[in-house]
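Me: Please show me the sequence and the model, so that we can go through the structure together.

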Amino acid sequence: DASKVAYYYELDESDFANAKGVIGDVALADELVIIEAEDASGVDKIKAGAEGRLTSQKNSFQDYIPEQFKRLDGAKIVTAGNYVMYVVSDNADKIVDRFNEVLN
């Protein structure tokens, strides 16, 4: 829900129009979240929130679950129009390709 996205991405709910996705549990780095900015001017703030989320996850997993920490090196943060996607997955490249295909 919007409050979870706002919390984990250090945003205010007013910073975005919509958000969908799956945030992994505390033992897994897997995550896929797409956030829609109200307009183009909000994309940079949301992207910074996604970058902060990645840093936070790396800090959390570094000593706690090293094998999940390594997976974060493959994390992707991409933008298209008013959308920002953050993905950590073994299939991140395929997900990014599909995201770009749909939105571009």
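The questions below go through strands, cores and one side-chain contact.

Reply: This is a predicted model, in which local features need pLDDT of at least 70 and side-chain atom pairs count only at pLDDT 80 or more, while totals for chains, interfaces and linings use all residues. Residues are numbered from 1 along each chain as its sequence is written, and side-chain values use heavy atoms, with hydrogens and water left out.

Me: How many of the 6 residues of β4 are buried?

Reply: Strands here are DSSP runs (E, at least two residues; helices are H or I, at least four), numbered from the N terminus, and two strands pair if DSSP finds at least two bridges between them. β4 pairs in the antiparallel sense with β2 over 6 bridges and with β3 (residues 76-80) over 5 bridges. Buried means under 20% relative accessible area with a 1.4 Å probe, protein chains only. β4 is largely enclosed by the rest of the structure, because the number of its 6 residues that are buried is 5.

Me: Which element supplies the largest share of the largest nonpolar core?

Reply: Such a core is a set of buried Ala, Val, Leu, Ile, Met, Phe, Trp, Tyr and Cys residues joined through side-chain atoms within 4.5 Å. Among its 21 residues, Val5, Tyr9, Phe16, Ile35, Ile46, Leu72 and Tyr86 touch the most other members. The largest share, 5 residues, comes from α2.

Me: Which side chain does a polar contact of 3.1 Å join to that of Arg71?

Reply: Arg71 lies in helix α3, residues 66-71. A polar contact is a pair of N or O atoms within 3.5 Å; within protein, one must be able to donate a hydrogen and the other to accept it, and residues adjacent in sequence count only if both atoms are side-chain atoms. At 3.1 Å, the partner of Arg71 is Asp90.

Note on methods:
Buried means under 20% relative accessible area, exposed over 50%, partly exposed in between (1.4 Å probe, protein chains only).
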